[in-house]
Amino acid sequence: MKKKMILITIILAISFLVLLPIFILTNNNVLEIIVISIGVTLYHFVMRLIVGYIINSIMKNKANYNNFWFREKRFEKKLYKVLGVRKWKKYLPTYSKDTFDIKQKNIDEILGATCQAELVHEIIMVLSILPIGLIPFFGAPEAFIITSIIAMLFDSLFVIIQRYNRPRIIKIIKREQKNNK
């Protein structure tokens with residue numbers, strides 16, 4: 001998935017850089033919406049890559065899964081059951097499958113990675129709102145609002161998956177520790 005995200009980001013950047021001067025020269029309304037849409041989408045891809053890189057550089061998948069922020073809350077089990085997380089989580093992409101591979105990583109590393117991935121997506125959700133601030137400068141509120149909402153909702157799915165998986169992984173650890181005694 002990492003290579004695909006980088007490729008899409010490059011394609012978006014090239015498209016934006018090619019179409020922006022054409023729009024500036026022609027002032028075409030349809031082209032304006034296309035350029036704004038590509039620009040906002042480019043922002044979302046670049047921002048995701050940067051946030052992931054920064055958080056990974058700082059945390060290195062060693063987050064403390066016992067931290068209050070990462071612990072399961074009382075309402076979550078019921079919520080995940082209502083949302084049917086177990087049924088749809090397998091259909092969403094994973095940025096780096098190796099990070100969560102139980103054959104390559106120990107359970108603590110995987111738990112740290114779930115916390116880190118959750119935090120990355122939570123930060124991305126907040127940063128997804130920023131393009132709305134460009135409405136006064138560029139107009140086209142639909143493009144900014146729709147892409148921001150879709151981006152936030154999309155990233156919330158990944159937060160849900162990490163929070164859904166973590167208690168199950170912790171159960172595996174406790175079961176292993178009990179069996180080893």
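A contact is a pair of residues with heavy atoms within 4.5 Å. By this criterion, residues 24 or more positions apart account for 76% of the contacts in the chain with a separation of 6 or more. The structure analysed here is a predicted model. The chain holds seven helices and zero strands. Along the sequence, the pattern reads α-α-α-α-α-α-α.

The overall dimensions were taken along the principal axes. The C-alpha atoms of the chain fill a box of roughly 75 × 30 × 25 Å. Of the 181 residues in the chain, 34% are buried. The exposed area of the chain is about 12,200 Å². Carbon and sulfur atoms supply 67% of that area. The chain carries 27 positive and 12 negative charges. The mean positions of these two sets lie 9 Å apart.

Salt bridges were then examined. A search of the whole structure finds four of them. E76 pairs with R163, and the closest N and O atoms are 2.6 Å apart. E76 lies in helix α3, which spans residues 76-83, and R163 lies in helix α7, so this pair ties together parts that are 87 residues apart in sequence. E76 is buried, at 2% relative accessibility. R163 is buried as well, with a relative accessible area of 10%.

R163 also forms a salt bridge with E118. Here the closest N and O atoms are 2.9 Å apart. E118 is placed in helix α5 (residues 107-127) and R163 in helix α7, so the contact joins parts that are 45 residues apart in sequence. The relative accessible area of E118 is 0%, and the residue is therefore buried, the limit being under 20%.

E118 has a further partner in R166. The side chains of E118 and R166 meet in a salt bridge with an N to O distance of 2.2 Å. Because E118 lies in helix α5 and R166 in helix α7, the pair ties together parts that are 48 residues apart in sequence. R166 is buried, with a relative accessible area of 1%. E76, E118, R163 and R166 are thus linked in a network of salt bridges. Burial extends to each member of this network: E76 has 2% relative accessibility, R163 has 10%, E118 has 0% and R166 has 1%.

Helix α7 also contributes to the surface. A positive surface patch is formed by K77, R168, K171 and R175. Helix α7, residues 141-180, supplies the largest share of this patch, with three residues. One of the patch residues, R175, is located in helix α7. R175 is exposed, and its relative accessible area is 52%. The threshold for exposure is over 50%, so R175 meets it. In helix α7, then, R163 is buried, whereas R175 is exposed.

Attention next turned to the loops that flank helix α2. N27 occupies the loop between α1 (2-26) and α2 (29-59). N27 is exposed, with a relative accessible area of 56%. The separation between N27 and M59 was computed from C-alpha to C-alpha. These two residues are 32 residues apart in sequence and 45 Å apart in space.

The loop between α2 and α3 contains K60. N61 is found in that loop too. Both residues are notable for their backbone angles. Most residues other than glycine have a negative phi. Phi of K60, however, is near 50°, a positive value in a residue other than glycine. Phi of N61 is near 60°, and this value is also positive in a residue other than glycine. K60 counts as exposed, at 51% relative accessibility.

In outline, the model is a chain of seven helices. A network of salt bridges links E76, E118, R163 and R166. The positive patch comprises K77, R168, K171 and R175, with three of its residues from helix α7. Positive phi values occur at K60 and at N61, and both residues sit in the loop between α2 and α3.

Note on methods: Residues numbered from 1 in each chain as written. Predicted model: local features only at pLDDT ≥ 70, side-chain atom pairs only at ≥ 80, totals over all residues. Heavy atoms only, no water. Patch = residues over 30% accessible without salt bridge, like charges linked within 9 Å, V, L, I, M, F, W, Y side chains within 5 Å. Areas by Shrake-Rupley, 256 points an atom, 1.4 Å probe, with all protein chains shown as cover. Salt bridge = Lys/Arg side-chain N within 4 Å of Asp/Glu carboxyl O. Lys, Arg positive; Asp, Glu negative; His and termini not counted. Charge placed at Lys NZ, Arg CZ, Asp CG, Glu CD. Helix = DSSP H or I, 4+ residues; strand = E, 2+ residues; numbered from the N terminus. Buried < 20%, exposed > 50% of the residue type's maximum accessible area, 1.4 Å probe, protein only.
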